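Got the viewer open? Here's a short tour, one selection at a time.

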Amino acid sequence: MVVRKITERIFSIGTIDWDRRLFDSLIPLPDGTSYNSYLIRGTEKTALIDTVDPSHEEEFITNIVRAGCDRIDAIIINHAEQDHAGSLPIILELFPGAKVYCTEKCKDLIGHLLSIPAGRVQVVKTGDSLNLGGMTLQFFEYPWVHWPETMITYCPEDKILFSCDLFGSHYATSSLYMDEPCRTEISAKRYYAEIMMPFRSSISKYLEPISQMDLAIIAPSHGPLHNNPKWILDRYKEWTSDTVKNKVLIPFVSMHGSTERMVRMLTDLLMERNIGVKPFNLTDADSGLLAMELVDAATVVLATPTVLFGPHPAMVNAAYLANLVKPKTRFATIIGSFGWGGKTIDVIQSMIPHIKAEILPPVYIQGAPDEKTRDELMKLADMIASKHASEPAIL
């Protein structure tokens, strides 16, 4: 990746990971990602904000050389995770006079994760700042976005917020700035769903003070920068709000067709009632897309057959994921088919305690669906329509 100028004294020197397709052995990356790092030159000191994933440290060091940087005095670590701080050990070795600036919790984490000596670390708190000479870096502790040690850094002279994972996207692009709003919105929403949504309540509290900052650019740790900060702030306000859409998400898996037929029946019945509906086949599904659909669906219907005594393993995985990301779903229920018995409904309900939704009566049948099944699904569709109509937070 080339070194690119953001302002006269701030440069992007991170790297693009065009071919990475999985993050944390969990999150699909259909568009790759980037590890953003920023170099700030003051008249007295030079600072580095974040490093890159260790797999890219050679390219990162090359970029530092290309930037003509022969000294680094301060390394700001907004987040201890390896894709942000993983190259910190080699940078400290190359620049023995550099000091690390981070939160108290981050100091502890980089000590355990990266063996960073405590003597190289300067702990900072909200309200602390670092004068580089004509350039100032102000620090704000923002815990649980998305780890307990995260912080953001603001440069008032150039009106740039280095927002860490907040407002980022896993999106490898040659563009420095967000210049494809539709494409970037999908990537940003997907990123929010996968990584940020579990911390929705914390993030919503932070958005107001960020909105009050004088911002020209938001520079996240992944994906393109935002030179129209209001664009991404407005979307985060929507995603973190309590409002949901008049939409039903139906993650489903079917072995012999019975559950899928029920899904098709319910889909048609909901469409007839002018409710948006998204059937989501879990067979070889992209978990990131599932998380993205969970962001604003008013109702989630989990559709699964029984395997031996409980839900299909694909549904177990989906229910566990949904519980982890804590969507603001208002209503939830279960439909499906069993052969001879089992406790599928009880098992699934026990797996989703973090989904604070009203549980609607399930429609769970033995064998193949018939007209009676259709009647039961019609009652469920009517109930969902009534619930949506009476809920003021559903748009």
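Before we start clicking: two strands count as paired if DSSP finds at least two bridges between them. Keep in mind, too, that this is a predicted model.

**Stop 1: strand E17.** Select residues 245–252, which make up E17. Is this strand enclosed or not, and why? Of its 8 residues, 6 are buried, so the rest of the structure largely encloses E17. Buried here means under 20% relative accessible area.

**Stop 2: the partner E18.** Now add residues 276–281, strand E18. E17 and E18 run parallel and are joined by 6 bridges. To see one spot in that pairing, show Pro251 and look across to Phe280 in E18, which stands opposite. How does the chain get from E17 to E18? Color residues 258–272 and follow the path: the chain crosses through helix H8, making a right-handed β-α-β crossover.

**Stop 3: the partner E19.** Next, bring in residues 297–303 for strand E19, which pairs with E17 in the parallel sense over 4 bridges. Pick Leu249 and you'll find its bridge partner in E19, Val300.

**Stop 4: a helix pair.** Hide the strands and select H6 (residues 200–211) along with H7 (residues 229–240). Their axes sit 10 Å apart, and the helices pack at an angle of about 145°. The crossing of H6 and H7 is left-handed. For the contact, show side chains on Arg200, Ile203, Ser204, Leu207, Ile210 and Ser211 of H6, then Leu233, Tyr236, Lys237, Trp239 and Thr240 of H7. Color by class and that contact comes out as 6 nonpolar, 3 polar and 2 charged residues.

Conventions
Residues are numbered from 1 along each chain as its sequence is written. This is a predicted model: local features need pLDDT of at least 70, side-chain atom pairs count only at pLDDT 80 or more; totals for chains, interfaces and linings use all residues. Side-chain values use heavy atoms; hydrogens and water are left out. Axes are lines fitted to C-alpha atoms, for helices over the stretch in contact, and angles run from 0 to 180 degrees between N-to-C directions. Helices (H or I, at least four residues) and strands (E, at least two) are DSSP runs, numbered from the N terminus. A crossing is left-handed if the near helix is turned anticlockwise from the far one by less than a right angle, and right-handed if clockwise. Contact means heavy atoms within 4.5 Å. Ala, Val, Leu, Ile, Met, Phe, Trp, Tyr, Cys and Pro count as nonpolar, Asp, Glu, Lys and Arg as charged, and the others, Gly among them, as polar. Buried means under 20% relative accessible area, exposed over 50%, partly exposed in between (1.4 Å probe, protein chains only). A crossover is right-handed if, with the strands pointing away from the viewer, the path from the first strand over the helix to the second runs clockwise.
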